Amino acid sequence: MSNVSKYFINFKVHTQYSICEGAIKIPDLAEYCKSNKVPALGLSDSYNLCGALEFSQELSKIGTQPIIGSQINFKFANTIGKLPIFAKTEEGFKNLIKLSSKSYLDIRDEDEPHCNINDLFNNKKDILVLSGGIDSLISKLINKNSSKDIDKIIQELKRNFPDLFYFEIQRHNDFGEKNLENNFLNLSEKFKVPIIASREIYYIDKDMHEAHDALICIGEKTYVDEKNRKKYSEEHYLKKSDEMKQIFKDLPQALENNYYFPQRFSYKLKKSNPVLPSIKTSNNFDESKELLFQSEKGLKNRFEKFILKK
């Protein structure tokens, strides 16, 4: 750890691409990183990787290391919930894309997007997995008191991701968070799985809480003045590193793993040229000539059948 900068890393950032969940524009995020000399930052949008390229490019420009991840729904023991997964390398990112796409393609129309947990195990190369927080698959199993299922999934995650699976300890003062922390600490001790300090970031500044709360209501199809609705605390913004160190000062191991987190990744998404399919034509035309031929043919057809016919 002597060569690791002791800077609290936020690797659970939710941008505007986390539909009705995140409220952060990536250019604004890049400006924050530049102003505050943030060494690394992680993307963890829910259910998609739409912002991955923009996130990687914008942060790289200002010298901040981008860490690419996503939160994907997985099904285990008839329970569907999120697991945050991150790409360590290019191959890991390809597996991330595969899982994200599969969560939408291989389901029934009435199902919410998800993969089977075995899909994760079958596409695990160069992927790092976290437990998630109060909205995760593991927290749902804990809320169901499914002790056998909890033990089984943790054993499977540990076996498939040795040294690449962490329990997240989060302290936003959200409902149920303290109970989840106690469970995670006990499970960490029982299964010898490391803990890591983390934070779900939905907006940059604290004064965005009220607007974000309204955004959550839109996503949940409810109203701000309803009592029994999904609510988050006012703590889901980007705090300074020293503030976060103070919050987790009683868990030095969780902080140490947080500081070390960026060194586990060696991949930066780069822009590439579109890969177009090769086509075969009966006239032995190349793509340009075939496009021109089809366009002229179509134009002639429209003139004859729709314009000149009148």
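Colleague: How many disulfides does a search of the whole structure find?

Modeller: In general, a disulfide is a covalent bond between the sulfur atoms of two cysteines. In this predicted model, the search finds zero disulfides.

Colleague: Why is the sulfur of Cys20 not in such a bond?

Modeller: The closest cysteine sulfur to that of Cys20 belongs to Cys217 and lies 11 Å away, which is too far for a bond. A disulfide requires the two sulfur atoms to be within 2.5 Å. The sulfur of Cys50 is likewise too far for a bond, because its closest cysteine sulfur, in Cys20, is 14 Å away. As for accessibility, Cys20 is partly exposed at 29%, whereas Cys50 is exposed at 56%.

Colleague: Which residues touch the most other members of the largest nonpolar core?

Modeller: That core has 73 residues, and Phe74 and Leu120 touch the most other members. Beyond its neighbours within four places in sequence, Leu120 contacts Phe74, Leu83, Ile85, Leu99, Val129, Leu157 and Phe161. There is also a second, separate core of five residues, among them Tyr203, Ile216, Tyr232 and Tyr237.

Colleague: Is Leu137 buried or exposed?

Modeller: Leu137 is buried, with a relative accessibility of 0%. This residue belongs to helix α5, which covers residues 137-143. Setting aside residues within four places in sequence, Leu137 is in contact with Phe74, Phe76, Thr79, Ile80, Gly81, Lys82, Leu83 and Ile153. Its C-alpha atom is also 8.0 Å from that of Lys75, although 62 residues separate the two along the chain.

Colleague: What does Asp213 touch, apart from residues up to four places away in sequence?

Modeller: Asp213 touches Val224 and Arg229. It is located in helix α8, residues 209-220, and is buried, with a relative accessible area of 13%.

Colleague: Which residues of helix α10 are buried?

Modeller: The general idea concerns the helical repeat: an α-helix has 3.6 residues a turn, so residues three or four places apart point the same way. In α10, residues 252-260, the buried residues are Ala254, Leu255, Asn257, Asn258 and Tyr259. These buried residues pack against strands β1 (10-13), β7 (165-170) and β8 (195-198), and against helix α9 (241-247).

Colleague: Where does Lys37 lie, and what is notable about backbone angles there?

Modeller: Most residues other than glycine have a negative phi. Lys37 is not a glycine, yet its phi is positive, about 50°. It lies in the loop between α1 (26-36) and β2 (40-46) and is exposed, with a relative accessible area of 69%. Asp163 also has a positive phi, near 65°. Asp163 lies in the loop between α6 (147-160) and β7, and is exposed at 59% relative accessibility.

Colleague: How many helices and strands are there in the protein?

Modeller: The protein contains 11 helices and nine strands. Its C-alpha trace spans about 80 × 45 × 45 Å along the principal axes. Of its 310 residues, 48% count as buried. Among contacts between residues at least 6 apart in sequence, 76% join residues at least 24 apart.

Colleague: What share of the accessible surface belongs to carbon and sulfur atoms?

Modeller: The accessible surface comes to about 17,300 Å², and carbon and sulfur atoms contribute 49% of it. Regarding charge, the protein has 48 positive and 44 negative charges, and their mean positions are 4 Å apart.

Technical notes: Residues are numbered from 1 along each chain as its sequence is written. This is a predicted model: local features need pLDDT of at least 70, side-chain atom pairs count only at pLDDT 80 or more; totals for chains, interfaces and linings use all residues. Side-chain values use heavy atoms; hydrogens and water are left out. Buried means under 20% relative accessible area, exposed over 50%, partly exposed in between (1.4 Å probe, protein chains only). A nonpolar core is a set of buried Ala, Val, Leu, Ile, Met, Phe, Trp, Tyr and Cys residues joined through side-chain atoms within 4.5 Å. Contact means heavy atoms within 4.5 Å. Helices (H or I, at least four residues) and strands (E, at least two) are DSSP runs, numbered from the N terminus. Accessible areas come from the Shrake-Rupley method with a 1.4 Å probe; for residues, only the protein chains shown count as cover. Lys and Arg count as positive and Asp and Glu as negative; His and the chain ends are not counted. The place of a charge is taken as NZ of Lys, CZ of Arg, CG of Asp or CD of Glu.
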